[in-house]
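Notebook open, model loaded. I want to look at how the chains pack and what sits by the DNA.

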2 protein chains.
Amino acid sequence: MSRAEQLREVFSDCGISAALEVVGERWSFLILRGAFNGLRHFEEFQTNLGIARNILSNRLGRLVEHGILRRDPDPADRRKVTYRLTEKGLDLLPVLLALRQWGERWISGHPSNPVLVDRYTRQPIAPITVQAADGRPLSLREMEWVDRVEIEGPDEAAA
Amino acid sequence: MSRAEQLREVFSDCGISAALEVVGERWSFLILRGAFNGLRHFEEFQTNLGIARNILSNRLGRLVEHGILRRDPDPADRRKVTYRLTEKGLDLLPVLLALRQWGERWISGHPSNPVLVDRYTRQPIAPITVQAADGRPLSLREMEWVDRVEIEGPDEAAA
DNA sequence: CTTTTCAGTTTCTATATGAAACCTAGTAGA
DNA sequence: TCTACTAGGTTTCATATAGAAACTGAAAAG
């Protein structure tokens with residue numbers, strides 16, 4: 001495979017583009033942040049985020065379609081609908097936190113509210129970092145991009 | 001402060017919205033991914049990502065404005081311009097990796113190429129996780145959102 | 001009954017994205 | 001030198017997406 005073909009493959013078949021297809025539109029992250037902070041209902045999202053109703057409707061629909069939020073009509077009050085994070089949605093927490101920590105460090109310059117703490121020690125969580133398989137924190141100089149084939153061997157990579 | 005006022009503050013003054021102002025537009029993440037994977041020149045980004053030239057121009061400009069990329073004219077060939085990540089840009093790596101790992105786990109279903117490895121052990125990096133201050137991994141049940149005031153005391157929070 | 005709430009949809013305008021052609025300075029080759 | 005080509009854009013115009021505001025319909029509250 002030529003270098004150019006290789007690169008094109010790299011850029012089309014990538015977890016990042018796959019993820020962005022689903023949560024990359026404007027407002028999606030902020031809606032998820034709202035959900036992590038306890039927002040459950042259409043009107044709550046709308047008034048707290050200040051998002052246009054038609055866009056909110058569209059985004060909630062997409063997030064539900066992709067299995068990131070679950071949409072449950074409230075049996076007690078049949079006007080109400082509850083949106084809550086699925087396991088797949090909850091698993092986006094590290095992404096949200098990494099983005100938030102970066103924004104705090106480099107843009108807003110201060111920690112935002114509320115803070116996520118360890119329930120038992122009451123201490124804020126640690127900064128999200130890149131670590132080796134054994135848990136050692138890795139700096140950029142200690143990492144390297146390698147082709148999958150080089151570490152797995154050609155047979156596994158083909159599978 | 002009323003509950004409603006509190007929430008509105010939470011949603012305007014947040015690291016995530018701050019971060020999204022800068023890197024939340026369509027293509028920004030993919031351009032950064034390209035930069036992490038060694039893309040340096042306008043034409044490289046354009047052909048590898050398949051992005052429209054005017055949009056690429058606009059995004060590179062914004063990323064440079066915000067200090068995420070540095071733009072250096074090449075002294076050897078004065079047609080060429082080199083874009084490279086600044087420290088601020090490099091610090092987005094955890095965000096990119098968390099997003100990528102999520103996409104691999106929940107959307108594409110397989111690891112993408114190339115793989116980021118520990119330079120010495122040649123082992124792929126660990127999944128990005130949320131950890132307590134002492135490094136213990138935390139599950140969602142072990143965390144809690146608390147108001148900053150509650151852990152810092154009112155005086156510090158006001159500062 | 002009448003009013004209000006909730007979760008949307010519709011309509012219309014403004015903004016962002018994208019494809020393609022064009023431009024300008026600089027380089028390479030004959 | 002003259003010509004062709006390259007790198008990094010900009011311009012133009014069509015299309016798609018976002019947003020504000022008014023509207024709807026079912027259900028609940030008074």
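**Helix against helix.** I started with helix 3 (residues 28-36) of chain A and helix 2 (residues 15-23) of chain B, whose axes come within 10 Å and cross at roughly 170 degrees. An angle over 145 counts as roughly antiparallel, so that is how I logged helix 3 of chain A and helix 2 of chain B. Keep in mind that this is a predicted model.

Which residues meet there? From helix 3 of chain A I noted Phe29(A), Leu30(A) and Arg33(A), and across from them Ile16(B), Ser17(B) and Leu20(B) in helix 2 of chain B. Sorted by class, this helix contact has 4 nonpolar, 1 polar and 1 charged residues.

**Symmetry.** Next I checked how the two copies relate. A turn of 180 degrees with a shift of 0.0 Å along the axis lays chain B on chain A, at an RMSD of 0.0 Å. I wrote that down as the relation of a two-fold axis. In chain B, Val95(B) has the C-alpha nearest the axis, 2.8 Å from it. I also found that 100% of the interface residues of chain B are interface residues in chain A too, so the copies meet through the same surface.

**DNA strand D.** I counted 21 residues around DNA strand D, the closest being Ala52(A), Arg78(A), His41(B), Phe42(B) and Asn54(B). Which helix gives the most to this surface? Helix 5 of chain B does, with 4 residues. Helix 5 (53-65) of chain A and helix 4 (42-49) of chain B are also among those that each supply at least two. By class I have 7 nonpolar, 4 polar and 10 charged residues for the surface near DNA strand D.

Methods: Residues numbered from 1 in each chain as written. Chains lettered and ligands numbered in written order. Predicted model: local features only at pLDDT ≥ 70, side-chain atom pairs only at ≥ 80, totals over all residues. Axes fitted to C-alpha atoms, helices over the stretch in contact; angles between N-to-C directions. Parallel < 35°, antiparallel > 145°, perpendicular 65-115°, else oblique. Contact = placed C-beta atoms within 7 Å. Nonpolar A, V, L, I, M, F, W, Y, C, P; charged D, E, K, R; others polar. Near = placed C-beta within 6 Å. Least-squares fit on C-alpha atoms with pLDDT ≥ 70 in both.
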